Each structure stands twice: as C-alpha cells, then as structure tokens.
Amino acid sequence: MTSVPVCDGVSKVVIQEGSGKPVTKGSSVTVNCTGMLTEGMKKFWCTKDPGQKPFTFNAGVGQVIAGWDQGCLTMREGETSRITMTGEKGYGAGGFPAWGIPPNASLTFELEIVRVA
C-alpha cells in the first residue's frame with residue numbers, strides 16, 4: 001500500500017477500493033471511522049466501539065476537521081482508506097483534550113465510506 005498526497009499536510013493510503021458514488025462537496029456522507037494519534041497509533045475514537053454508531057456529515061463544507069474533509073473528498077462509497085494529517089489539518093494548537101489529543105498532534109483516521117447521498 002502506497003501513501004499518496006491529497007494536499008499539503010494530508011496523505012492517503014487506499015486499503016480497499018470503492019465502486020460506489022464519489023464523495024462530492026455538500027454530499028451527505030456516512031462513515032465508519034477509527035481515529036488514532038499518529039505517534040504511537042493510540043486510538044481515541046471508533047464508531048464500531050460499544051455505544052457508538054456510524055458518523056454522518058456533509059462533505060467539504062467545514063463540518064469536520066480540514067484533513068478529514070480533504071481526504072474524504074478523494075474517496076467513494078465502499079472505499080476504506082487511511083488518512084494521515086498534520087496537526088494543523090486536525091485539531092490545531094488547541095488539540096482536543098476531551099479525547100486526549102494534544103496540541104498540534106498528527107492524526108490518522110481509518111475511514112470506510114458506508115453511504116454517499
């Protein structure tokens with residue numbers, strides 16, 4: 001599996017190709033996701049954990065962190081990819097203390113595009 005740049009600060013490794021609708025700006029996207037700190041690959045969130053469920057958002061309109069938006073816009077329904085981003089494309093200087101994400105932490109998300117509407 002080869003990592004390819006998506007944009008400055010964001011890269012992607014395709015784990016499984018998708019064959020469904022592409023994610024486009026404004027589309028409603030439902031994903032299964034595992035979020036990890038890139039350093040040490042410590043998990044901080046997973047939609048498949050008990051009590052969690054797939055996450056739905058509108059792509060490309062700023063409802064999620066920039067690196068996630070930019071990575072998802074290169075994906076299609078049925079695809080699973082690993083998106084890695086710098087801290088500036090993630091939670092930035094503030095981090096996300098509630099999830100144990102320190103300031104400027106690089107993040108890795110394994111995303112499965114379940115549905116594009």
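Two aromatic rings of Phe, Tyr or Trp, the last represented by its six-membered ring, are taken as a pair if their centres lie within 6.5 Å. In this predicted model, ring pairs of this kind link Phe44, Trp45, Phe55, Phe57, Trp68, Tyr91, Phe96, Trp99 and Phe109 into a cluster. The count of aromatic pairs comes to eleven.

Among these is the pair formed by Phe57 and Trp68, whose ring centres are 5.7 Å apart and whose planes meet at 50 degrees, a tilted arrangement. The pair links distant parts of the chain, with Phe57 in strand β5 (residues 55–58) and Trp68 in helix α1 (residues 66–72), eleven residues apart. Both partners are shielded: Phe57 has a relative accessibility of 3% and so counts as buried, and Trp68, at 4%, counts as buried too.

Trp68 also pairs with Phe109, and here the rings are stacked, at 5.2 Å centre to centre and 20 degrees between the planes. Because Trp68 belongs to helix α1 and Phe109 to strand β7 (residues 107–116), this pair ties together parts of the chain that are 41 residues apart in sequence. Phe109 has a relative accessible area of 1% and is therefore buried. Trp68 thus takes part in a tilted pair with Phe57 and in a stacked pair with Phe109.

Phe57 turns up again in the surroundings of Ser28, a residue of strand β3 (residues 28–37). Once neighbours within four places in sequence are left aside, Ser28 is in contact with Thr56, Phe57 and Asn58, and also with Arg115, Val116 and Ala117. Is Ser28 buried or exposed? Its relative accessibility is 19%, and because the limit for a buried residue is under 20%, Ser28 counts as buried.

Attention can now move to Gly18, which sits in the loop between β2 (10–16) and β3. Although placed in a loop, Gly18 counts as buried, because its relative accessibility is 15%. Which residues does Gly18 touch, not counting those up to four places away in sequence? They are Arg76, Glu77, Gly78 and Glu79. Gly18 and Thr80 offer a further view of this part of the fold: 62 residues separate them in sequence, while their C-alpha atoms are 7.3 Å apart in space.

Notes: Residues numbered from 1 in each chain as written. Predicted model: local features only at pLDDT ≥ 70, side-chain atom pairs only at ≥ 80, totals over all residues. Heavy atoms only, no water. Helix = DSSP H or I, 4+ residues; strand = E, 2+ residues; numbered from the N terminus. Buried < 20%, exposed > 50% of the residue type's maximum accessible area, 1.4 Å probe, protein only. Contact = heavy atoms within 4.5 Å. Phe/Tyr/Trp six-rings, centres within 6.5 Å; stacked < 30°, edge-to-face > 60°.
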